[in-house]
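Q: Please take a close look at one part of this model, a single strand and the sheet around it. I would like a connected account of how it is placed and what it pairs with.

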Amino acid sequence: MSGKSSAWLAILLALICFICNANSRSIQQPASGSQCGYQSCHPTKPNMLNVHLVAHTHDDVGWLKTVDQYYYGSETRIQKAGVQYIIDSVVEALLRDPEKRFIYVESAFFFKWWKEQTPKVQDAVKMLVEQGRLEFIGGAWSMNDEATTHYQSVIDQFAWGLRLLNDTFGECGRPRVGWQIDPFGHSREMASMFAQMGFDGMFFGRLDYQDKDERLMTKNAEMIWHGSANLGEQSDLFSGALYNNYQAPDGFCFDVLCSDTPIIDGKHSPDNNVKEKVDAFLDFAETQSKYYRTNNVIITMGGDFTYQAAQIYYKNLDKLIRYANERQANGSNINLLYSTPSCYLKSLHDAGITWPTKSDDFFPYASDPHAYWTGYFTSRPTLKRFERDGNHFLQVCKQLSALAPKKANEFDPHLNFMRETLGIMQHHDAITGTEKEKVALDYAKRLSVSFKACEATTRNVLNQLSVPASQQQSGKYVLEFKNCPLLNITSCPVSESNDRFSLTLYNPLGHVVSEYIRIPVSGSEYKIIDNKGVELATQVVPVPGTVNNIKHRASTAKYELVFRATNIPALGYRSYYIEKSESSRKTLKPQATPKATSSVTFIGNENIKLGFDTNGFLSEVTADGLTRLVTQDFLFYEGAVGNNAEFLNRSSGAYIFRPNENKIDFSSDHVEIEVYKGDLVEEVHQKFNDWISQVVRVYKKDSFAEFEWLVGPIPIDDNIGKEVITRFSSDIESDGVFYTDSNGREMIKRKLNHRDTWDVKINEEVAGNYYPITTKIDLEDDTARMAILTDRAQGGSSLKDGSLELMVHRRLLRDDAFGVGEALNETEYGEGLIARGKHHLFFGLSKDREGVSLKSLERLVQLEKLLPTWKFFSNVENYTAEEWRTSFTNTFSGVSLVLPKPVHLLTLEPWHENQLLVRFEHFLENGEDAMYSKPVQFNVKNVLSSFNVESMRETTLDGNAWLDETQRLQFAPDSEAAAFNTYGTFPQEADSVQLLRADKPLLEVKYSDEALPAGQLGAESNRIKREINPSLYNMYDARKSKLSDEDIDMSLYADSDSKDYIVELSPMEIRTFIVYLSEA
């Protein structure tokens, strides 16, 4: 590591040593006498319209500026934003007046500020929190995106943010409401996660302009969202769409960043505007109230990085409240009050009415007829992949930190830094690719440093586990256990430059796995010895020419050494000794198979076979006894170019995908191919053109095919931006229906040109049918099924029956005018960015498949591709194979009992002292497999028998509240009769309507100059009220087994204390526990 890198690492690690004052034995309870939460709400007035004014700031954890630039307030020419001043200013204002309220969301910024404060200031802030005057909403490390994030990463960043809030403020620091005001669309899985974390509700800002129109007209903007098709009511979440996105009404942004006129109340001032201002605000509140069901409305008074001078905003809000409420003496029925989202939610609950329901999601989001925010599903594909690698290594780092025989002092800082870096990466302007390029580079730099930090931990732990205690020396390591971060371009200095090296494969899954391994090597003859001294079968294949020719690829590797690693222990490792050999008979120099000029070229195995036509394209697939026409090609859309002055002139950009007249071009009409076949893998190397190539592989024992694509630099010398897709076409009769995953969890049905909750009018036929693909897209008919797994978030669709397409890379020359202010034109070394990635193709019978279903197989492989074995390399030049085998412990497992097939150990990490945070999930949905889509049971103590388990207790999904003490507000759904018979809408006539502008930064309401012909968003309602449920809260019900008597494994209950450790999981269920360990 260079001196600069070491210094950078030291500085960053110094920033993450937080104060953790939690009782390590329990989750903190509210302080005595505290009046936080719903108890702190200002009273509303009956028979009046109560206007809940929510003072807030929306602080992006990186966007136009880096995280630190936003915090410290530098680079003001880019944006006047300094988070430290916001929190300073707000705290000072709150301390002066107990009536005021403020909410804060981003834990990443708050705890950066918190650690800089004196004990006196910290005590004052604790008082504000305990009195409910400062309230945390959301509480995650960042306000995460919902389209491109994986559920594991979302859970992790909520767990960490909520833990620090709990450690610092106890129960009063725990948010009760989600606040997803800026993400560009909203996923069903996110609603489910909020519900499982114990949140009472969630509010959001952005939704499709047609959907919003429909919901406002029918008073359905607030609803009960069914977050899961598998989990029932425990995943239901009350959710509300905010009227104004999240900014202040037009003319009422009283912030130092705004130019709106303040309230001038000098009695004799010629500029006195009290009447004018109050009239306008009350008119706005009354208008908004027409579109919502109760006599409560929420109005957000804030925006992007507002309240840097909080006294300015608060002084005007004080005047607004005072002068508006004075009118009540003269008959006004409008009551203004300082409030919070949770107090508003409580008022909705207390209204005692029923609510509409929703079961799909809010994708895709369109802000106008030609702006579908579906480009960011793919933008910055290399950053999206780097984040996925980061999550992978974070799980490895967590597990090895927990498994370490001896804990070093630096373990916690290393792990916390990576936790926090991955938390930042989930931000809705980070992983989305919608930040400025220099900010993307800062994210990547942070993530790179976090890898180095956790690599120091993994090296320490693996040496403890591998090297005999007699050989271990403090500060010195016998084995290197190095990462090779450039394996994706077949580069690894350790394997290339050493004739003898060891490879340690760490398996982060709770199952024993077998995996095909590829290692970059400079020669063609090697032998591999396993931990038992057995020489393994190997195969050598050449590095594709297009990879070898990547500029600035500093690698001597010309080949990849392939072998199959079998029975790698669960939460454990197996090591291999690899030696260059001139006489190995099992390794042959690879030779390309002669090209077929008049027939189909086949690769495959007994499970799946692929055929390629004489032009080099995939032409057919055989699996499960089916042979079907399946083609694959690369194409590109031409990005639309416009001045963004009107809807029709939108440019395609970082946020939106807008192909020029839906024009699509083929990348090639002939593909150059080379075919390599061996005992372990058969593969076709394809070159489509100078900037698109691919390797298609089928390994000997796999039931799927791997497509490793390489795209870039995308040429722009023709001044045309390009959005590159891969398209798989088949003869499956899918009837316009396909399925996409929700954050890597449940699958959601999609239908071409359709939305479940309104009659959609799509003006962009391609972009308007694109959806986020976090891990999988599939389609099927009564006979056949085709699915594709992705290795990162991508946009995708099925625009024709039997066809699936995924956007892999995009390079554009114009900004789309939604705030980032630069074109999505990523470069590296002065040229367009190159991206490489993998798709995994599944094909076969959709029903009645022998053995496990294809859906079940896809789920298992999806998990194994998300968290494959992690490769650690060590130089062992000084050891012969036998010396290596006898000197080190070359296999290890951290669990004693392998989990049932459909169960995933989602989390194993050190929590507080002598505690583990553990999550188990059932990763199949109901009905996906006849055998495995059933409830299962296992004994946690048996699984974790390598730990001295003393007891365990179940928590909410985030791990920071006891499940049996968690209460949630209960909301009642509309009955069918109420939905159809007791609800009427009365739209009012209007010639046109102006849409809210969606470009950032958002400070106050702005409307597009252009108007759309439409009915005004107005309706009246004759909602029938229901009786208020006497129980304010809905407690989590005591869990009842869903297993039949014959399915219960009584051996699990053999020991007297076993019943305390038996866990049952139903399909798609996640259960979270704090496991207490005996003190060492």
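A: A good place to begin is a single pairing in this predicted model: the bridge partner of Val695 in strand S28 is Glu708. Val695 belongs to strand S27, which covers residues 692-699 and is joined to S28 by 6 bridges, the two strands running antiparallel. S27 and S28 together form a hairpin, with 5 residues between them.

S28 also pairs with strand S39 (residues 835-845), again in the antiparallel sense, and here the pairing extends over 7 bridges. Within that pairing, Phe707 stands opposite His839 of S39.

The surroundings of S28 can be described residue by residue. Because 7 of the 7 residues of S28 (residues 705-711) are buried, the strand is largely enclosed by the rest of the structure. Both of its faces are covered, with Ala705, Phe707, Trp709 and Val711 buried on one side, and Glu706, Glu708 and Leu710 buried on the other. Glu708, the bridge partner of Val695, is thus among the buried residues, and so is Phe707, which stands opposite His839.

These pairings belong to a wider arrangement, an open sheet of 9 strands in the order S25-S26-S27-S28-S39-S34-S33-S30-S31, with antiparallel pairing. Its edge strands are S25 (672-677) and S31 (747-751), each of which pairs on one side only. From one strand to the next, the twist of the sheet averages 20°.

Beyond S39 in this order comes S34, a strand of residues 784-790 that is joined to S39 by 7 bridges and runs antiparallel to it. In that pairing, the bridge partner of Arg785 is Gly844 of S39. S39 therefore has S28 on one side and S34 on the other in the strand order.

A helix also lies against this part of the sheet. Helix H17, residues 854-866, lies across S28, S31, S33 (776-780), S34 and S39, and runs at about 160° to S39.

Turning from the sheet to the nonpolar interior, the largest nonpolar core has 188 residues, and Tyr307 and Leu610 are those with the most contacts inside it. Helix H6 (residues 151-169) gives the most to this core, contributing 10 residues. Apart from it lies another core, of 55 residues, which includes Cys397, Leu447, Val949 and Leu1065.

Technical notes
Residues are numbered from 1 along each chain as its sequence is written. This is a predicted model: local features need pLDDT of at least 70, side-chain atom pairs count only at pLDDT 80 or more; totals for chains, interfaces and linings use all residues. Side-chain values use heavy atoms; hydrogens and water are left out. Buried means under 20% relative accessible area, exposed over 50%, partly exposed in between (1.4 Å probe, protein chains only). Helices (H or I, at least four residues) and strands (E, at least two) are DSSP runs, numbered from the N terminus. A nonpolar core is a set of buried Ala, Val, Leu, Ile, Met, Phe, Trp, Tyr and Cys residues joined through side-chain atoms within 4.5 Å. Axes are lines fitted to C-alpha atoms, for helices over the stretch in contact, and angles run from 0 to 180 degrees between N-to-C directions. Contact means heavy atoms within 4.5 Å.
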